[in-house]
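I opened this notebook to keep a record of what I looked up in one structure. The entries go from sheets to pockets and then to single residues.

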Amino acid sequence: MTDIHFPAEWEPQDGVMIAWPHLRTDWAETFDAVTTVYLQLARSVTRYERLVVVTPEPEPVRRLLQDEGIDLNRVILAEVPTNDTWCRDFGPVTVLRDDTPVLLDFGFNAWGLKFAADLDNQVTRRLHAQGVFGATPLATQGLVLEGGSLESDGDGTLLTTSRCLLSPNRNPHLSREQIEAQLTEGLGLQRILWLEHGELEGDDTDAHVDTLARFA
């Protein structure tokens with residue numbers, strides 16, 4: 001029987017992935033300011049571990065990183081087109097199967113068809129095809145699901161919200177029980193805790209759990 005482990009946020013990792021802002025993202029009106037913030041993120045991450053930067057225009061980003069004195073030996077610049085920058089939601093979800101990392105590629109439809117997602121939904125597959133994740137296998141999943149809607153304690157418990165996972169614009173053909181069954185099998189869960197209420201004003205995600213409650 002395969003042992004599946006869905007890591008908690010605080011467990012060891014060997015890299016961070018970010019999607020770099022461009023003028024066709026949500027950040028267009030504050031582009032210069034947010035670029036400064038992303039440079040600060042890149043500097044902080046590369047002090048400790050590798051950084052994967054997803055961007056449709058790698059050369060301008062490379063020059064920015066170089067000008068800031070950021071160690072490019074710790075940076076992988078991946079040329080991939082994106083709609084926006086929310087790679088916690090459209091990027092891969094990592095599980096360990098018999099202690100070996102596997103990348104799960106869930107469907108992404110921009111939080112229930114609110115925005116364009118045709119490019120973001122392909123990012124994980126394109127990165128994998130480019131060899132960015134090395135030999136780590138990729139497993140396509142039959143659910144529309146965002147990473148920010150999942151919170152693991154690393155010990156078999158998942159925290160999530162019914163408002164998000166049961167949204168009719170994500171997986172309308174599946175019941176709560178069917179979604180639970182797929183998550184339990186794919187993430188190696190022992191229990192799922194559902195928050196039945198709570199949402200921040202102006203939240204496009206339909207109550208992602210990572211805006212409401214976290215394990216620590």
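The entries below follow the order in which I looked things up.

**Entry 1. Basis.** I worked from a predicted model, in which local features need pLDDT of at least 70 and side-chain atom pairs count only at pLDDT 80 or more, while totals for chains, interfaces and linings use all residues. Residues are numbered from 1 along each chain as its sequence is written, and side-chain values use heavy atoms, with hydrogens and water left out.

**Entry 2. The parallel sheet.** I took helices (H or I, at least four residues) and strands (E, at least two) as DSSP runs, numbered from the N terminus. Two strands were taken to pair if DSSP finds at least two bridges between them. I noted an open sheet of three strands, ordered β2-β3-β4, with parallel pairing. Its edge strands are β2 and β4 (75-79), each of which pairs on one side only. On average, neighbouring strands of this sheet are turned by 20 degrees against each other, direction ignored. For such angles, axes are lines fitted to C-alpha atoms, for helices over the stretch in contact, and values run from 0 to 180 degrees between N-to-C directions.

I then looked up the register of β3 and β4: five bridges join these parallel strands, and Thr-55 stands opposite Glu-79 in β4. Helix α2 (residues 58-67) packs on the sheet, where α2 touches β3 and β4 and makes about 160 degrees with the direction of β4. Helix α1 lies across β2, β3 and β4 and runs at about 150 degrees to β3.

**Entry 3. The mixed sheet.** Four strands form another open sheet in the order β1-β5-β6-β7, and the pairing is mixed. β1 (4-5) and β7 (138-144) stand at the edges with a single partner strand each, so one side of each has no neighbour in the sheet. β1 and β5 are antiparallel and share two bridges. In this pair, I found His-5 opposite Leu-96 in β5.

**Entry 4. Strands β9 and β10.** β9 (residues 157-161) and β10 run parallel and are joined by five bridges. The bridge partner of Leu-158 is Ile-192 in β10. I next checked how the side chains of β10 (residues 191-195) are placed: Ile-192 and Trp-194 point to one face and are buried, whereas Arg-191, Leu-193 and Leu-195 point to the other and are not. Here buried means under 20% relative accessible area, exposed over 50%, and partly exposed in between (1.4 Å probe, protein chains only). In a regular strand the side chains alternate between the two faces of the sheet.

**Entry 5. Pockets and cavity.** The search used a 1 Å grid over the protein atoms alone: a cavity is a set of points where a 1.4 Å probe fits but cannot get out, a pocket is an open set with protein on both sides within 12 Å along at least five of seven lines, and lining residues have an atom within 4 Å of a point. Grid points are joined across faces, edges and corners, and a volume is the space filled by probe spheres set on the points.

The largest pocket has a volume of about 1,600 Å³. I recorded 40 lining residues, with Gln-13, Gly-15, Val-16, Pro-92 and Thr-94 nearest its centre. β2 gives the most to this lining, with five residues. The lining of the largest pocket divides into 23 nonpolar, 10 polar and seven charged residues. In these classes, Ala, Val, Leu, Ile, Met, Phe, Trp, Tyr, Cys and Pro count as nonpolar, Asp, Glu, Lys and Arg as charged, and the others, Gly among them, as polar.

The second largest pocket, of about 290 Å³, is lined by 14 residues, including Trp-86 and Asp-89. Its lining holds three nonpolar, five polar and six charged residues.

I found one cavity of 30 Å³ or more. The largest cavity encloses about 40 Å³, and residues such as Asp-89, Phe-90 and Phe-106 are among those that line it.

**Entry 6. Two residues.** Which residues does Glu-79 touch beyond four places in sequence? I listed Thr-55, Pro-56, Pro-58 and Gln-130, contact meaning heavy atoms within 4.5 Å. Glu-79 counts as exposed, at 52% relative accessibility.

Leu-119 sits in the loop between α4 (110-113) and α5 (123-129). With 24% relative accessibility, Leu-119 counts as partly exposed.
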